[in-house]
Amino acid sequence: MFDFDATLPLMALQFLVLTLVLNAVFYKPLTKALDDRANYIRNTELGAKERLAKAKLMAEQYEQKLGESRRQSQTIVATAQADAQKIAAQQVAEAQKEAQMSREKAAKEIEYQKQEAMRSLEQEVDTLSRQILEKLLGPALVK
């Protein structure tokens with residue numbers, strides 16, 4: 001079937017030369033390009049993972065700062081409300097004291113006017129009773 005003459009070694013030699021040429025010209029640049037591409041993809045993926053981790057860390061820090069800011073603002077609001085309630089309570093207490101003082105002053109004034117009116121009425125009653133006695137008994141007997 002096969003003829004083993006000088007063509008077989010020549011064909012084997014051609015095959016080896018073709019393999020070496022294809023390896024040098026085609027396969028090595030192709031494998032180098034594939035390796036470079038794989039390295040680029042790997043490096044890009046690592047960079048993306050690092051950026052993603054950094055972004056998550058920054059988001060967590062942002063959330064923590066936001067939560068802390070909210071707590072601080074709630075504390076400030078609560079403090080301001082408490083201060084406002086204290087001020088309002090003080091002003092109400094002062095107003096009540098002033099109202100009480102005004103009532104007491106008005107009560108004293110009314111009591112004073114009542115006493116003055118009673119003195120005035122007593123004098124008038126004395127005067128009227130003398131006049132009545134003088135008219136009834138006469139002016140000489142009244143003194």
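Trainee: What radius of gyration does the protein chain have?
Mentor: This is a predicted model. A compact globule of 143 residues would come near 15 Å. The protein chain does not match that value: its radius of gyration is 59 Å.

Trainee: What does the C-alpha trace of the protein chain span along its principal axes?
Mentor: Take the three axes together. The spans of the C-alpha trace are about 190 × 25 × 15 Å.

Trainee: How many helices and strands are in the protein chain?
Mentor: Helix 1 covers residues 7–137. Strands number zero. The count of helices is two.

Trainee: How far apart are the C-alpha atoms of Q91 and E68?
Mentor: Q91 sits in helix 1. Along the chain, Q91 and E68 are 23 residues apart. Their C-alpha atoms are separated by 34 Å.

Trainee: Is Q91 buried or exposed?
Mentor: Exposed means over 50% relative accessible area. Q91 has 52% relative accessibility, so Q91 counts as exposed.

Trainee: What share of the residues in the protein chain is buried?
Mentor: Buried means under 20% relative accessible area. Out of 143 residues, the buried share is 2%.

Trainee: Which residues form the aromatic pair?
Mentor: A search of the whole structure finds one such pair. The ring centres are 5.3 Å apart, and the planes make 70 degrees. Planes over 60 degrees apart count as edge-to-face, so this pair is edge-to-face. The residues are F26 and Y27.

Trainee: Why does F26 count as partly exposed?
Mentor: Partly exposed lies between the limits of 20% and 50%. F26 falls in that range because its relative accessibility is 45%.

Trainee: How many salt bridges does the structure hold?
Mentor: Side chains of opposite charge can pair when their charged atoms come close. One of the bridges joins K49 and E45, at 3.6 Å from N to O. The structure holds three.

Trainee: Which residue forms a salt bridge with D36?
Mentor: The closest N and O atoms are 3.2 Å apart. The two residues lie four apart in helix 1, so about one helical turn separates them. D36 is partly exposed at 40%. Its partner is K32.

Trainee: What is the N to O distance between R119 and E116?
Mentor: Both lie in helix 1, three residues apart, about one turn of the helix. R119 is partly exposed at 42%, and E116 is partly exposed at 32%. Their side chains meet in a salt bridge, with an N to O distance of 2.5 Å.

Notes: Residues numbered from 1 in each chain as written. Predicted model: local features only at pLDDT ≥ 70, side-chain atom pairs only at ≥ 80, totals over all residues. Heavy atoms only, no water. Rg over C-alpha atoms; globule rule 2.2 N^0.38 Å. Buried < 20%, exposed > 50% of the residue type's maximum accessible area, 1.4 Å probe, protein only. Phe/Tyr/Trp six-rings, centres within 6.5 Å; stacked < 30°, edge-to-face > 60°. Salt bridge = Lys/Arg side-chain N within 4 Å of Asp/Glu carboxyl O.
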